[in-house]
Amino acid sequence: MIGAQWGDEGKGKITDLLSRSADIVVRYQGGVNAGHTVVVNGQTLKLHLIPSGILYPNTECVIGSGTVVDPEILIQELDMLESLGISTENLYISESAHVTMPYHRLIDQASEERRGDHRIGTTGRGIGPTYADKSERTGIRLLDLMDPEGLKKQLRWTVNYKNAILEKLYGLPPLNPEEVIAQYQEFSKRLRPHVIDCSLKIYDAVQRRRNILFEGAQGTLLDLDHGTYPYVTSSNPVAGGACVGTGVGPTMIDRVIGVAKAYTTRVGEGPFPTELNDSMGDALCDRGSEFGTTTGRRRRCGWFDAVIGRYAVRINGLDCLAITKLDVLDTLAEIKVCVAYEMDGVHCQDFPTNARHFARCHPVYEILPGWQQSTEHCRSLKDLPQAALNYLKFLAELMEVPIAIVSLGAARDQTIIVEDPIHGPKRALLYSNGQTLLA
Ligand code: IMP
């Protein structure tokens, strides 16, 4: 399951829905930049790293090798869950995952400040610098953390190396290597029981025909290789990232489910063609409670963009889509959908990966009538007002992908299951059979 926009598509609720039939839920990329809110026994919890599948006693959760792990925040999440009586025994962390260190957070924040007008608008959680060290081959992995003597040697060198950057480039005070070593040795004791070979665990589960849900964090347009570079995160939220980020071969993935909001939001900097800098944007933000889980930042809001939708279908090979937050549009008299872009007077249907071109794209809209009535209570397509059904059909046809799930509110039951998202037909087959896109 992946995000088909710029993250925050409401994946938490869809994961929760799909987790019920999953034996294992796996995160394959990103770190504590992600965040989802879950309600347990009337209490609201914020999780950044641990999949919400942990709330189901029989579901195993894996934090894969493509993720970056901030042990301090992970341990806080473990403590919080345990204090609520929720067992964390079923949480496994890949030994190959890279570890976010104090210097990563400092460098993330200092480099954003230094970038000025060129800032990315990161979450400031050290994600980019952790992945940069992984590529530079100076990273610390969970397996390094599990080797106390090796860790000492490695950190004495690395902290001194990073101190040169902190002091000379950013004018920040240096870190004390011995303090960092002592702190991370403590973390390693706490995390040790959870550390595993992620690929082996998943392969074994595949052999035993277990259901495995790979849960993408962030979204397609934030993908390092396929998103709106440089305004992206430093990992691969696209479906292909699930293979690289867990050590599972592509032939083992049965279906790819995309999640998109009925409109669009984005946090951080970067071009956003359908952004609404007016009272309509404010209305979407307020009705949709569009504030980040991790940073509390107000999300930028705009109309649904079917050009990026089609791009997400292509890049991820989506079999079907879940459309979330349809109810946020309930009060509107008319709704715009971006069907194409116009760039320097030229009409284009395809998403331009060149960021300079993307920044010059203007949306070409089609206007659809709104339904101006509540959909929150609808439980099947038949309950939906005709205009809402037409809106969904329009989106499905524009993106050439079936809509399997429609979400109309935060509650579990505020959901329409149009077709089985897990066992439905493959999208390619659907097209060759000439079937309709939405029942
Ligand atoms: P980073 O991942 O903290 O490096 O931030 C890079 C970009 O990704 C920024 O625009 C962030 O706002 C965005 N971003 C990171 N994580 C999320 C998320 O979970 N939801 C939405 N945007 C995110």
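**Close-up views of the ligand site and a pocket**

**View 1. The ligand sits among 15 surrounding residues.** Closest to the ligand are Asp8, Asn33, Thr123, Thr233 and Arg297. The model shown is predicted. Sorted by class, the shell around the ligand holds 7 polar, 6 nonpolar and 2 charged residues.

**View 2. Asn33 and Gln218 meet the ligand through their side chains.** An N or O atom in the Asn33 side chain lies 2.9 Å from an oxygen atom of the ligand. Asn33 is also one of the closest residues in the shell. For Gln218, a side-chain N or O atom is 3.2 Å from a nitrogen atom of the ligand.

**View 3. Val267 meets the ligand through its backbone.** A polar backbone atom of Val267 lies 3.2 Å from a ligand oxygen atom. On its own, the ligand has 470 Å² of accessible area, and the protein covers 95% of that.

**View 4. The second largest pocket holds about 660 Å³ of space.** Its lining comprises 28 residues. Ile212, Phe214, Ile253, Asp254 and Arg255 lie nearest the centre of this pocket.

**View 5. Strand β10 and helix α9 each give two or more residues to the lining of the second largest pocket.** β10 spans 212-215, and α9 spans 241-244. The largest share of the lining comes from β10, with 3 residues. By class, the lining of this pocket has 19 nonpolar, 5 polar and 4 charged residues.

Technical notes. Residues numbered from 1 in each chain as written. Predicted model: local features only at pLDDT ≥ 70, side-chain atom pairs only at ≥ 80, totals over all residues. Heavy atoms only, no water. Near = heavy atom within 4 Å. Polar contact = N/O pair within 3.5 Å; in protein donor to acceptor, adjacent residues only side chain to side chain. Areas by Shrake-Rupley, 256 points an atom, 1.4 Å probe, with all protein chains shown as cover. Nonpolar A, V, L, I, M, F, W, Y, C, P; charged D, E, K, R; others polar. 1 Å grid on protein atoms, 1.4 Å probe; cavity = no way out; pocket = protein on both sides within 12 Å on 5 of 7 lines; lining within 4 Å. Points joined across faces, edges and corners; volume = space filled by probe spheres on them. Helix = DSSP H or I, 4+ residues; strand = E, 2+ residues; numbered from the N terminus.
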